[in-house]
Structure formats: C-alpha cells, structure tokens
Amino acid sequence: MTYIDVDQIAGICSKYSGPGFYAEQIPAAVLVNAQQCIPIPKVEHVIAFVDVTKSGNGKKGLAITRTGVYWNNNKNASNITNYLSWDQLISTRVQSGQSNSIGLGMGNVFSMTDSLFKSEILVRLLKELQSYIRMARETSPSPDEDRSRIIEYQPSPDKTSRWMVATEGRQYGPYDLELLKKMVQTKQIRPESAHVWKEGMPAWVPFLQQPELAVLVPPPPVPQTQAPSVAVDASIPELDVSQDPEALLELNSASEEEIAALPGVGIILAKKAISVRQSNGGFRSVDEFMEVLGLKPHIAVRVRPLVKVHPPEPKPPQTGRRVVDY
C-alpha cells in the first residue's frame, strides 16, 4: 500500500507560480467551470489548477488532484484519455512539445496554445510530482503519524500485465491491455509495425505475434452481400473458406484484373505477380505469393482467406538421343 500525503503534493505545487496557475486558492468560478468541462469528479479534491484559456474562465486546463491529474484540450487535440492516476503518471514520459504543449505519454497531449503559463514550468512541476510519488511508494508512515491528510493509494499490482511498446524508433509505456486496445482502435498504435515487451520477456517481439495482443486488433469489416458484377475492377467479396472453398481465387490461373481486385493489392502489384508467375512457372503456395508481393501483415490477413494455389506440375526431365560415333 502506498500513502500519498496531500500536504506534500500541495507543498510541491506551492513552489511554482505564474499567470493562470492556482495552488490551493482556486477562484470558485474557475473551479466550477473546470469540474464541468474537464470533467473532474465532484468528490475529487483539486490541489492545483493550470488555466489555459484566454479569458481565464477555467474551461480548459490541467488539474492536480488527490488521486492524479485531469486535463482537457481544444477541439483539434485528440487524446486517448484525459486522466492519469499517480501510478500511470510515474510511468509516463512527460515532455515539452511544439506550440507550447506537453506530451503526457503516447497519444496524449495537453495543449497550452492560449496559455501565459509556460509549458516548461509545468513539465518541471509534473516531474517533481513523479519523483515524490516514486519515493512515497518506497516508504510508509509510522503507526502514530497523523493520517488525516494522507490518502491510501494502491498501484497496479501486476507489472507483468503491462506492456512497453516500440514504434518508429521510440519506446512508450507501460500500458495495460485495456489502454492498448483503445490505442489500437484510435490508430495511435499500428500493430503491423509495432514491437512489444513486458517484464520477464527476453526480447522484444512483433505486436501481432503476441497472441494476447493480436486479439486486440479488430477484424476487417464483413462485406455486404453484393450481386455479381462483370466490371473488371469490382472488389472481390471476402469469403468464408469453410462455406465455399471453390469460390477462392486460384492465383496460378487468375487474370491480372482479378489479382488487382484483391484488397490492398492494386494493378502495380498484380502486374508484378503475373510477371513472376510467368518466369517461374507459377506460385507454389499462398505464402510465396505474399512474399513475392511484399504484402504487409494487415493486408496479408485480408487476402489470405480469399485465395488458393494449385502448385504447378513439375516439369519432366529432358531426354535426348545419345549419338554414338562408330
């Protein structure tokens, strides 16, 4: 169990000052607007607040509370969440961004475009709070200590259920499965190019090769039933292999137009497929077709249920007459 001293949080906040920043003494009108617009739970105690509105009405800002940090943004800034518990905050990379903004982990940005309070000052404050919470996790108050201003805080008990994510040369996290699912759905994480790691694993692995993470990727949409079309550029409907295996596209006899109509393939890759097929006598497996075209994993997943391969017949060995001189 971790004990968070509210006075310690307030003391850290009181060391900082600037336009639009309130520590403990928050104007009532500003606090009411903040609780309605961020929103902050009514039972929550706000220790400090950064107002980033031009008029100072408190409708946009960041609140430091007993249990963590809440914030909201302008309409152009999208976030996975608008709240970080203390446990999440100490595991989050806090950094200054462009246009007087702050990054609060992967997919989260606190925009301070209209604020007179400098983002670098708020970054220093949040990092000092991170240091205090880490220290609080390692110490506990004595039995006779006054706990009237102390709250109990339970961090996530199982670190092995939280994942680090690596993408585009940078590492983020740790994240639990629920947050990872939201990040995949909002396209903050691209599973086909991301790698993951968690405590106890010897090395990073591709996102889609980890079974408990691969199931977080939503399946491709089921196409609506369409009447047959003779147009050469019509999309080939995605088929259920168990229902109609004969309807699958045979890659060694398919036309260029039929291959081009496969999801994510197109005419350029289709021409390449025909050229390779003619030069080597045909594809020997669906995997060979995927490899030749260099299909990305999320495209390959959609194409695989639609195709099949009848391997080409092996060529008989060449025979010739033996000429004997007498």
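These are my notebook entries on a sheet, its packing and the nonpolar cores of one chain.

**Confidence.** I began by noting that the model is predicted, and I looked up how the confidence is spread: the chain averages a pLDDT of 78, with 76% of the residues scoring at least 70. Among the elements of the chain, I found the highest mean pLDDT, 94, in β3 and the lowest, 50, in strand β10 (residues 150-153). Over residues 227-243 the pLDDT stays under 50, and there the model has 21 contacts beyond four places in sequence. I leave that stretch aside, because predicted coordinates should not be read in detail where pLDDT is low.

**The sheet.** I then traced an open sheet of five strands, which are antiparallel in their pairing and run in the order β2-β3-β4-β5-β6. Its edge strands, each pairing on one side only, are β2 (21-23) and β6 (83-85), and the twist from one strand to the next averages 10°. Between β2 and β3 (residues 46-51) I found three bridges, and I noted that alanine 23 has alanine 48 in β3 as its bridge partner.

**The helix on the sheet.** Helix α4 (residues 119-138) packs on this sheet, where I see it touching β2, β3, β4 and β5, and its direction makes about 20° with that of β4.

**The cores.** Which element gives the most to the largest nonpolar core? I found that α4 does, with nine residues, in a core of 35 residues where Ile9, Ile64 and Phe110 are among those with the most contacts. Leaving aside its neighbours within four places in sequence, phenylalanine 110 is in contact with residues including Trp71, Leu104 and Leu122. Apart from this core I noted another, of 22 residues, including Leu251 and Val309.

Notes. Residues are numbered from 1 along each chain as its sequence is written. This is a predicted model: local features need pLDDT of at least 70, side-chain atom pairs count only at pLDDT 80 or more; totals for chains, interfaces and linings use all residues. Side-chain values use heavy atoms; hydrogens and water are left out. Two strands pair if DSSP finds at least two bridges between them. Helices (H or I, at least four residues) and strands (E, at least two) are DSSP runs, numbered from the N terminus. Axes are lines fitted to C-alpha atoms, for helices over the stretch in contact, and angles run from 0 to 180 degrees between N-to-C directions. Contact means heavy atoms within 4.5 Å. pLDDT is the predictor's confidence in each residue, from 0 to 100. A nonpolar core is a set of buried Ala, Val, Leu, Ile, Met, Phe, Trp, Tyr and Cys residues joined through side-chain atoms within 4.5 Å. Buried means under 20% relative accessible area, exposed over 50%, partly exposed in between (1.4 Å probe, protein chains only).
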